[in-house]
Every structure is written in C-alpha cells, then in structure tokens.
Amino acid sequence: MGFLRFTRRLHGLHRTRTRSSAIVRNPYIQRRAFSDGNNGNDSLLPVLIVGAGPVGLVLSIILTKLGVKCAVMEKSSGFSKHPQAHFINNRSMEVFRKVNGLADEILEYQPPVDLWRKFVYCTSLTGPVLGSVDHMQPQDFDRIVSPVSVAHFSQYKLTKLLVKQLEDIGFHIRSDVSMNSNDCQLAEREILLGHECTSINATENGVTVTANITREGKHVEKKFQCNFVVGTDGAGSTVRNLLGIGMCGKRDLQKLISVHFMSQELGQYLIEEKPGMLFFVFNTEAIGVIVAHDLKEGEFVLQVPFYPPQQKFEDFSSTMCEKLIFKLVGRELADINVLDVKPWVMHAEVAEAFLACNNRIILAGDAAHRFPPAGGFGMNTGIQDAHNLAWKLASVLERIAPPSFLSTYETERKQIAVFNTELSVQNFKAAMEVPAALGLDPSIANSVHRTINGTFGSFLPSNLQRVVLDGIFSIGRLQLSDSLLNETNPIGSSRLSKLRQIFDQGKSLQLQFPAEDLGFRYSKGALVSEGDSSWTPQETPTGRRRDYVPSSDPGSRLPHMDIQLLSPLFSKDTFSTLDLVSGDKVEFLLIIAPVKESYQLARAAFKVAEEFKVAVKVCVMWREKASADDGFVGSEKTLLPWRNFVDVIGADWWELCGMTDRGAVLVRPDEHIAWRAKSEIDGDPFLVLRKVFCAILGI
C-alpha cells in the first residue's frame with residue numbers, strides 16, 4: 001500500500017496549496033450540471049449503471065472518486081461465482097493502482113507467478129507433455145515499461161474485491177426497493193440486485209428505466225429516472241437489445257461448455273509436476289482445455305467444444321462432466337467436485353454504436369464488444385472503456401464540456417474494440433495451429449458438423465445424427481494414438497517436429513501483447529492530432545507478441561518512467577510518471593522543463609484552466625538533483641501565485657518522449673496524451689492553449 005499512501009500525499013499536497021481564486025470542486029457536482037436549457041433534470045441521479053460485472057463496478061468506483069453520484073442495477077439476485085475471465089493485463093492493472101490500491105490487493109492474493117506463467121500441451125494432465133510455452137519474459141518483471149505487472153486473478157474474486165471497495169465508500173447492496181409506487185427516486189450509492197431492465201425511454205430531460213422485480217412469486221415493475229444510463233450488462237446486453245443496436249463481425253465462431261470444478265488432489269499434483277495456467281489436452285478419448293484458476297486451491301474450469309443439436313446441454317450432467325475430466329486428467333480424482341456447468345458461444349463482434357439517444361445511453365464492456373477469450377482482451381478492454389468514459393461523464397456533469405463531448409468516447413473506444421477484436425481472432429487462429437499440426441484441423445470438425453446439420457438433418461433422427469457425429473470425431477481422435485504420435489513413426493515424428501516449430505516461433509496462443517496492451521493509441525477524439533506525415537496507424541494484428549515502444553504522440557498512454565520529487569533533502573523514493581495524474585478529480589497535467597518559455601506556457605495553462613473551469617497541474621521535469629547548499633527554491637518563484645505544480649527529477653524523460661526539453665506534453669485525466677509541442681511553441685501561449693482546450697473538450 002506504499003504507492004497509495006504516496007499518491008495521497010503527492011496529490012493532497014497540491015490540493016492544500018491551491019490559491020484562493022482557483023476553482024473549488026463541488027462535491028455534489030450534479031447540482032450544477034445541466035442547469036440551463038433542456039439538457040436534464042438536476043434532481044435526478046446523474047448515472048445509472050445497468051450490469052454489476054467488473055466493468056460496471058469499476059465504473060461506479062471511478063465515477064464516485066470523481067464526485068459523480070451513481071447507482072448500479074443488476075438482474076441477477078447475486079454476483080456471479082463462475083471464474084470466467086482471469087488474466088488482467090498491464091493497462092488494467094495501472095487503472096487498478098488508482099482504485100484505492102486494488103492492484104496491490106490483486107497481486108497479494110493471486111497465485112504465485114511460477115504457478116501460472118506457462119501454457120502446457122499434453123496428452124493428459126498425468127501423461128506426456130507435448131510442449132510448453134513460458135509467457136513471462138525477464139522484462140515483464142523489471143517494471144521498466146509499466147509500474148505494475150500483469151496478474152492472474154479470477155473474475156469472481158475480482159468482483160468480491162470491487163464490492164468490498166464499494167461498501168467501504170458507502171454503497172449499499174439492496175434487493176428490497178419499496179413496492180408502494182410505480183415510480184422510484186433512485187438513491188445514489190446503491191447496488192440493486194434482482195432488478196431486470198425491461199425498457200428504456202429517453203427524453204431531452206432524462207432517461208426512465210423500467211425494471212422487473214420478482215418477489216414471492218409476484219412480478220412488480222419499478223421505474224427509475226436518471227440523466228445517463230451506462231449498459232455494462234454483458235455480451236447478451238439487454239440495454240443494447242432494447243436500443244436495437246446491432247453487432248458487426250463474426251458470429252458463432254465456436255460453441256463451448258464451461259465446467260467449473262474443484263480438486264485439490266489435481267492442483268497439488270500439477271504444482272509438483274507441471275504447473276501452468278492453461279492445459280491443452282489431446283488424446284483419443286477426449287480433447288479439451290483446462291484453465292487452472294488457482295492450483296493451490298484446486299480450482300479449475302474445463303472448456304470443451306459443444307455441437308448442438310446433436311449434443312444437448314442437458315447431456316452434460318455432473319456425472320458426465322466428471323467422466324470427461326477423468327479422461328483428460330488420465331486418472332480418477334477422489335475429491336472432484338463439479339460446481340457449475342454453463343454453455344456459451346464465442347463471437348468476434350463490435351456494436352454498431354456505443355452511444356444512443358443524444359448520448360444519454362452508453363454501452364461499455366462486453367455490451368459494446370465481444371471477443372474470443374484468446375489473449376484476455378474482453379474484460380481488460382471493458383475496464384479501459386470505463387476508465388475512458390468516467391472522466392468524460394464527470395466533465396459533462398460538471399459542465400466543463402458539453403454533452404456532445406461524450407461522442408469522443410465512441411470515437412476512441414470503438415477504434416480500439418475493432419482492433420482488439422481482430423487481434424483476438426488472430427490469437428484464436430494461432431491456438432488452432434496446435435491441433436492442426438497434430439492432424440486435428442478444427443475447421444474440418446466444424447465443416448462435418450455443418451454437413452450433418454444441413455444434409456443428414458433432413459432425414460436422420462436426432463439420435464442417429466449424434467451417433468454419426470460421435471463416430472466421426474472418434475475416428476479423428478485416432479490421430480492422437482500412441483502408436484501414431486511418437487518419434488519412431490514418420491508421420492508422428494513429422495507432426496511433433498512441426499509442433500515444436502510452432503512453439504519456438506511464437507505461433508501458438510499468446511498470453512501477453514505489450515505493444516497493444518500499453519501502446520494502443522487514439523487517432524482522433526478528445527485530443528489534438530499533429531496532422532503530419534509522421535503519424536502511422538497501428539500495425540495489423542498478427543496474433544504474436546510484440547514489444548511496447550514508448551510514445552508521446554497525442555492519443556498515446558503517457559510513458560512510464562520512475563521519477564523522484566525534486567527536493568533539497570536527499571531521497572531515494574521514486575514513483576511513476578503515471579502517478580502525476582490525479583485519480584480523484586478531473587485534472588489535466590502539463591509536463592514542461594524548467595526553461596523560461598515553458599514557464600510562460602505553464603502560467604498560460606493556469607489562466608486557461610480558470611477560464612474553462614477545469615483543473616490543471618504542472619509538472620516541471622528537471623534533469624538533476626537539487627542541493628540544499630544551492631539555495632534551491634524550485635519553480636515556486638517562477639509560477640507564483642499558482643501553486644498546483646510539482647518539481648520532479650526525470651533525467652532521460654525528454655529522450656524517452658522523443659522530444660526536446662523545449663517541448664511540452666498535456667495529459668488527460670485518463671493518462672492519455674491530449675496534446676504536445678515537440679519544441680518551443682510559436683505565438684501567444686495563452687491563445688495556443690485556449691485553442692488546444694477548445695479542441696479537446698469540444699467547446
């Protein structure tokens with residue numbers, strides 16, 4: 001928790017030093033939102049979030065930190081206990097660092113890295129290993145490109161931590177909203193469980209959401225009113241469907257069955273013999289992927305292909321699932337406990353629109369995009385949606401920006417969603433390279449299934465269709481027999497050699513994508529693009545790992561560098577450049593060097609900020625340490641009467657950014673660069689920055 005204490009001290013320092021004429025944030029910002037015109041009703045709850053998954057819960061925490069009143073509505077009567085997503089990438093962990101120390105908690109409670117860094121390919125969990133891939137490289141631990149590492153932490157455990165944080169900041173979990181009237185004034189800081197959204201009606205004055213509540217066998221409708229609705233209600237989003245927003249992309253890539261089970265016996269065996277995160281198992285009796293969510297606890301999820309209507313979901317009873325697991329493990333397990341079985345469909349689609357009804361209704365997370373799980377981009381992209389959206393909603397509600405400003409959310413995030421969809425598809429295709437090398441081309445299996453549905457389905461009874469399908473798949477799995485898949489058999493030897501080549505060349509399923517995780521860049525939106533020939537679009541997704549290259553281009557995430565406070569008192573304490581950006585208010589950050597022209601730019605920034613009623617902090621990036629003997633006073637004398645600034649040491653900062661120290665970088669509240677000057681600016685700095693803020697905020 002050292003980082004959390006430090007940032008509170010860092011940002012608290014500047015809040016107490018703000019000069020008296022500066023803008024003071026109103027803790028009840030909805031009172032001043034939409035106070036003129038017909039933009040909304042100030043008596044309404046500003047934001048209602050529909051869907052209490054990680055994206056909705058993270059959004060509610062960030063909004064609350066920014067001073068925006070909100071509530072959450074969830075159709076289920078409880079929070080999901082199915083593990084689901086489990087990989088948290090660097091960028092999401094960076095977001096979590098500022099969510100009340102959430103990243104520290106995740107790193108504390110996750111399994112040890114050595115127990116999940118590998119993907120293992122084998123004939124059974126207790127049998128021979130065909131190969132393994134270590135997805136953690138030395139640079140993943142040195143924290144050079146990010147102040148925090150990736151994590152392996154089950155979604156339901158993350159949800160528990162998020163709910164606890166919400167309770168700590170005053171949220172109440174309820175399912176007992178009064179039944180006395182049809183209309184209900186929705187209170188802030190509530191999570192309403194068992195409330196299914198059934199209709200949404202938006203007007204120029206707000207949004208009315210109708211929810212269905214079932215209690216004691218009776219269905220009761222309640223109407224809730226708010227200014228904005230954010231749909232974070234998952235891949236089958238009710239909000240999206242009610243709005244009639246379609247999805248674009250590839251549907252029904254694969255149907256699967258997900259089996260959540262426990263076995264400490266299996267977990268202990270794998271810890272001792274072959275620890276890993278994913279186990280791809282191929283043998284003559286069964287094929288499947290087992291996700292080890294926590295080897296110490298013995299918690300797993302089995303994923304197997306599902307081929308309806310010949311196969312029925314009802315066929316996957318606990319007993320049948322146990323038998324299937326034993327085939328994949330290679331032996332029976334005395335302590336196996338099947339907890340849950342769910343069907344699901346893999347899609348690669350992005351919503352046609354992320355906004356509707358004059359920007360009053362917004363989609364985020366899986367409601368806006370649904371990917372193959374390859375690479376873990378689903379939940380992570382959703383977390384970053386929430387991070388992008390929160391400060392923009394706060395800016396509109398604080399009247400820093402007009403309602404049209406929210407269109408930049410769709411402009412920026414849809415671009416990333418489309419890219420991540422294609423990246424996930426390419427990574428999924430890479431995953432299929434392994435069974436194809438073993439003589440099991442998944443596309444053939446899907447073609448066989450389509451043929452049975454299209455040809456035999458017209459005259460064969462369903463039970464015979466099942467027999468035909470199972471028979472063909474059984475014949476296909478003979479490619480995995482010990483007599484064929486060995487080094488002495490020419491065919492088997494060739495296949496094993498090809499398999500090793502796939503692993504060595506990084507052509508199998510990948511876990512980490514640093515270039516895309518940290519290096520994604522908004523090409524347009526709430527930023528000032530440079531409009532020169534130096535801009536290059538993001539490389540086409542290949543499904544292979546690429547290293548992140550820091551960039552200060554507008555739209556990029558602010559590069560991380562360890563820096564120190566500049567002080568006459570010697571200190572070895574360092575912190576990240578990302579920590580300069582406040583997580584508690586809508587505040588822009590201007591980074592300059594201690595040169596005369598840049599100080600003039602900083603003073604102009606403070607004046608523009610006062611005009612636009614937005615907070616700005618200035619970071620003066622020095623190259624060398626200060627000495628008490630030098631009579632050091634830092635930037636105070638130059639920037640007075642403004643005091644919202646910080647002097648830091650970042651010796652190689654401008655080189656990292658590819659700029660001269662005559663330049664400047666303006667950073668948004670979500671840590672993305674809004675504007676930069678590569679070198680000294682021409683003209684009046686006040687007019688230049690006024691134009692910049694007008695462009696960013698859409699004024």
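Two strands are taken to pair if DSSP finds at least two bridges between them. By that criterion, strand β13 (residues 247-262) and strand β16 (residues 299-305) of this predicted model are paired in the antiparallel sense, with seven bridges. Within this pairing, M262 stands opposite E299 of β16.

Both strands belong to an open sheet of eight strands, ordered β5-β4-β14-β15-β16-β13-β17-β20, in which the pairing is mixed. The edges are occupied by β5 (129-134) and β20 (369-370); each has a single partner strand, so one side of each is left without a neighbour in the sheet. Helix α8 (residues 318-329) lies across five strands of this assembly, namely β13, β14 (278-282), β15 (287-294), β16 and β17 (337-351). The angle between α8 and β17 is about 80°.

A second open sheet, again with mixed pairing, is built from seven strands in the order β22-β21-β25-β24-β23-β26-β27. Here β22 (575-576) and β27 (673-677) stand at the edges, and because each has a single partner strand, one side of each lacks a neighbour in the sheet. Strand β21 (residues 562-565) pairs with β22 in the antiparallel sense over two bridges, and I563 has F575 of β22 as its bridge partner. The pairing of β21 with β25 (residues 645-649) is likewise antiparallel and comprises two bridges; in this case Q564 is placed opposite I649 of β25. Helix α15 (residues 596-612) lies across β23 (587-592), β24 (615-622), β26 (664-667) and β27, and runs at about 165° to β24.

Packing between helices was examined for α3 and α4. Two packed helices are described by the angle between their axes and the distance between the axes. The axes of α3 (residues 90-97) and α4 (residues 102-109) come within 6 Å and cross at roughly 120°, which makes α3 oblique to α4. On the α3 side the contact is made by M93, F96 and R97, and on the α4 side by L102, A103, I106 and L107. Of the residues in this contact, six are nonpolar, one is charged and none is polar.

Helix α3 is also notable for its burial. Eight of its eight residues are buried, so the helix is largely enclosed by the rest of the structure. The buried residues are N90, R91, S92, M93, E94, V95, F96 and R97. Burial in α3 therefore includes M93, F96 and R97, the residues through which α3 contacts α4.

A further buried position is found in helix α10 (residues 407-437), which contains S424. The relative accessible area of S424 is 0%, and the residue is therefore buried. Apart from neighbours within four places in sequence, S424 is in contact with F371, P372, A374 and F377.

Over the protein chain as a whole, 18 helices and 27 strands are present. Of its 699 residues, 56% are buried. The chain exposes about 28600 Å², of which carbon and sulfur atoms supply 51%. Among contacts with a separation of 6 or more, 74% are between residues 24 or more positions apart.

Definitions and conventions
Residues numbered from 1 in each chain as written. Predicted model: local features only at pLDDT ≥ 70, side-chain atom pairs only at ≥ 80, totals over all residues. Heavy atoms only, no water. Helix = DSSP H or I, 4+ residues; strand = E, 2+ residues; numbered from the N terminus. Contact = heavy atoms within 4.5 Å. Axes fitted to C-alpha atoms, helices over the stretch in contact; angles between N-to-C directions. Parallel < 35°, antiparallel > 145°, perpendicular 65-115°, else oblique. Nonpolar A, V, L, I, M, F, W, Y, C, P; charged D, E, K, R; others polar. Buried < 20%, exposed > 50% of the residue type's maximum accessible area, 1.4 Å probe, protein only. Areas by Shrake-Rupley, 256 points an atom, 1.4 Å probe, with all protein chains shown as cover.
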